[in-house]
Amino acid sequence: RERECQAPVHAEGCPCQTCQRTTCGNCNATNIDHFTPKCIAKVWGWNRKQTDAPENLQWLSRPCHTEKDRTTPKRKQLACKIVSGKT
């Protein structure tokens, strides 16, 4: 089942910020993404307003969003090391 596009505002075609694929316009094919994922923002001590700020949001096609999500665990691990001073 297709999900609706999560973008709060639809830009013309909602191009993916990575591959530039234009698959939105309410066609259920793009995702709004947090540039800095919520789990990493929490490690950095960001509040919800900072995490959900427009400058931390981007449109990504589903394939690009899936690919980016694959890197999140390693990125979170690195953020934890930096915060704890173990780098």
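Colleague: How many residues apart are Arg-70 and Glu-67 in helix H3?
Modeller: In this predicted model, Arg-70 and Glu-67 form a salt bridge, with the closest N and O atoms 3.8 Å apart. An α-helix has 3.6 residues a turn, so residues three or four places apart point the same way. Arg-70 and Glu-67 both belong to helix H3, and their separation, about one turn of the helix, is three residues.

Colleague: Is Arg-70 buried or exposed?
Modeller: Its partner Glu-67 has 45% relative accessibility and counts as partly exposed. The exposed class begins over 50%. Arg-70 is at 61% relative accessibility, so Arg-70 counts as exposed.

Colleague: Which parts does the pair Asp-33 and Lys-68 tie together?
Modeller: The side chains of Asp-33 and Lys-68 meet in a salt bridge at 3.0 Å, N to O. The two parts lie 35 residues apart in sequence, because Asp-33 is in one and Lys-68 in the other: strand E1 (residues 30–34) and helix H3.

Colleague: Which side chain makes a polar contact with the side chain of His-65?
Modeller: His-65 lies in helix H3, which covers residues 62–84. Leaving aside neighbours within four places in sequence, His-65 is in contact with Asn-31, Ile-32, Asp-33 and Leu-60. The polar contact with the side chain of His-65, at 3.2 Å, comes from the side chain of Asp-33.

Colleague: Is His-65 buried or exposed?
Modeller: Cys-64, His-65, Lys-68, Thr-72 and Ala-79 form the buried set in H3. The cut-off for that class is under 20% relative accessible area. His-65 has 18% relative accessibility, so His-65 counts as buried.

Colleague: Which residue forms a salt bridge with Arg-48?
Modeller: Arg-48 counts as exposed, at 70% relative accessibility. The residue that meets Arg-48 is partly exposed, with a relative accessible area of 30%. The side chains come to 3.6 Å, N to O, and the partner is Asp-52.

Colleague: How far apart are the end C-alpha atoms of H3?
Modeller: H3 has 23 residues, and at 1.5 Å a residue the helix should span 33 Å. The distance in the model agrees with that expectation: the end C-alpha atoms are separated by 33 Å.

Colleague: Where does H3 bend?
Modeller: The bend is about 35°, and a proline, Pro-73, follows within four residues. The residue at the bend is one of those buried in H3. That residue is Thr-72.

Colleague: Which residue just after H3 takes a positive phi?
Modeller: Helix H3 covers residues 62–84. Just after H3, a phi of about 80° is taken by Gly-85.

How values were computed: Residues numbered from 1 in each chain as written. Heavy atoms only, no water. Buried < 20%, exposed > 50% of the residue type's maximum accessible area, 1.4 Å probe, protein only. Polar contact = N/O pair within 3.5 Å; in protein donor to acceptor, adjacent residues only side chain to side chain. Contact = heavy atoms within 4.5 Å. Salt bridge = Lys/Arg side-chain N within 4 Å of Asp/Glu carboxyl O. Expected span 1.5 Å × (residues − 1). Bend = angle between axes of the 7 residues up to and from the residue.
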